[in-house]
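Me: I should like a close look at one part of this structure, namely the packing of one helix in the second chain. Please set it in the context of the chain that holds it and of the contact with the partner chain.

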Amino acid sequence: MRISELVSKTGWKVTTPGLDLEKEIHGAYCGDLLSWVMGNGEPEQAWITVQVHMNVIAVAKLREFSCIIIADGASLPPEVTAKAEEEEIPVLESGIPVFETAKILVEAGV
Amino acid sequence: MASILHERYVVERDDYANAGKVSSSIKEKLKLAGIPSAVLRRIAVAAYESEINMIIHAWGGTVDLDLMDDGTVRLVFKDPGPGIPDLEKALTPGWSTASEEARNLGFGAGMGLPNIKRVSDTFDIISSPEGTTLTLSFSAANA
């Protein structure tokens with residue numbers, strides 16, 4: 001599924017609207033401990049997290065995630081959004097808990 | 001074996017905001033050099049974890065990157081201290097001495113060195129109060 005299709009289905013907020021949303025999502029990884037995410041995430045996954053600091057962008061880029069989905073009502077500070085745009089990492093905000101976010105991804109066929 | 005590409009990077013102590021910058025530079029440099037993406041991904045994990053360790057646990061340090069003429073990538077992370085008091089524990093998954101500040105940012109899961117060891121083809125670590133040197137290599141043939 002493409003990121004743009006997920007956005008259409010869910011109505012989740014796109015924090016980085018200027019970025020390419022036609023990237024494919026293949027699976028997802030949920031986690032807030034960065035070493036677990038680095039060690040266990042896979043390229044092209046959507047990464048669901050509540051971490052919103054600068055290092056999230058570095059991890060997503062190095063791990064080659066398709067996008068980041070910020071859950072549980074958290075949102076990126078402006079400087080982190082700017083970094084995501086610079087590094088071309090699309091970021092969405094689901095506004096709902098991690099479990100619910102993951103459930104919707106599963107139901108959407110990710 | 002001779003080095004056909006050499007770079008040196010500096011990592012600053014407690015510089016959480018720039019964590020991952022050196023690892024990204026290393027990955028980009030090696031991508032341009034034609035290292036296969038599966039190998040690059042292993043290098044990215046090891047470089048990031050090692051860089052984070054220098055920021056969180058050490059007083060900064062240097063990273064030397066060498067691409068050898070047989071395609072092997074060598075990374076040497078060298079810091080000036082304070083050293084790892086118990087290497088065996090540091091290599092145990094889940095064991096961490098990270099500060100509260102680091103943990104709040106999602107670091108300190110105790111998976112750094114175990115992750116590095118898992119993704120590297122060779123792993124050598126020497127530590128004393130005067131500093132830690134971590135030498136890793138990655139074979140381009142082992143994609």
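**Helix α2 of chain B and its surroundings**

Reply: In this predicted model, chain B contains five helices and five strands. Their order along the sequence is β-α-α-β-β-α-α-α-β-β. With a radius of gyration of 14 Å, close to the 15 Å that the globule rule gives for 143 residues, chain B is as compact as a globular protein of that length. Along the principal axes, its C-alpha atoms occupy a box of roughly 40 × 30 × 25 Å. Buried positions make up 38% of the 143 residues of chain B. Among contacts in chain B with a separation of 6 or more, 64% join residues 24 or more positions apart.

Within this chain, α2(B) packs against α5(B). Two packed helices are described by the angle between their axes and the distance between the axes. Here the axes of α2(B) and α5(B) come within 9 Å and cross at roughly 150°. Because of that angle, α2(B) is roughly antiparallel to α5(B). The crossing of α2(B) past α5(B) is left-handed. From α2(B), the residues that take part are B:R42, B:V45, B:A46, B:E49, B:S50, B:I52 and B:N53, and they meet B:G112, B:N115, B:I116 and B:V119 of α5(B). By class, this contact of α2(B) with α5(B) comprises five nonpolar, four polar and two charged residues. As a general point on such spacing, an α-helix has 3.6 residues a turn, so residues three or four places apart point the same way.

The helix α2(B) also takes part in the contact between the chains. That contact draws 19 residues from chain B and 17 residues from chain A. On the side of chain B that touches chain A, the elements giving two or more residues are α1 (21–32), α2 (37–56) and α5 (112–119) of chain B. Of these, α2(B) gives the most, with five residues. The side of chain B that touches chain A has ten nonpolar, six polar and three charged residues.

Across the contact, one element of chain A deserves mention. Ten of the ten residues of helix α3 (residues 54–63) of chain A are buried, so α3(A) is largely enclosed by the rest of the structure. Those buried residues pack against α2 (34–40), β3 (46–49), β4 (67–70) and α4 (78–87) of chain A, together with α1 and α2 of chain B. After α3(A) comes A:E64, with a positive phi near 60°.

Notes:
Residues numbered from 1 in each chain as written. Chains lettered and ligands numbered in written order. Predicted model: local features only at pLDDT ≥ 70, side-chain atom pairs only at ≥ 80, totals over all residues. Helix = DSSP H or I, 4+ residues; strand = E, 2+ residues; numbered from the N terminus. Rg over C-alpha atoms; globule rule 2.2 N^0.38 Å. Buried ≥ 20, exposed ≤ 12 C-beta atoms within 10 Å, placed from the backbone. Contact = placed C-beta atoms within 7 Å. Nonpolar A, V, L, I, M, F, W, Y, C, P; charged D, E, K, R; others polar. Axes fitted to C-alpha atoms, helices over the stretch in contact; angles between N-to-C directions. Parallel < 35°, antiparallel > 145°, perpendicular 65-115°, else oblique. Left-handed = near helix turned anticlockwise from the far one by under 90°.
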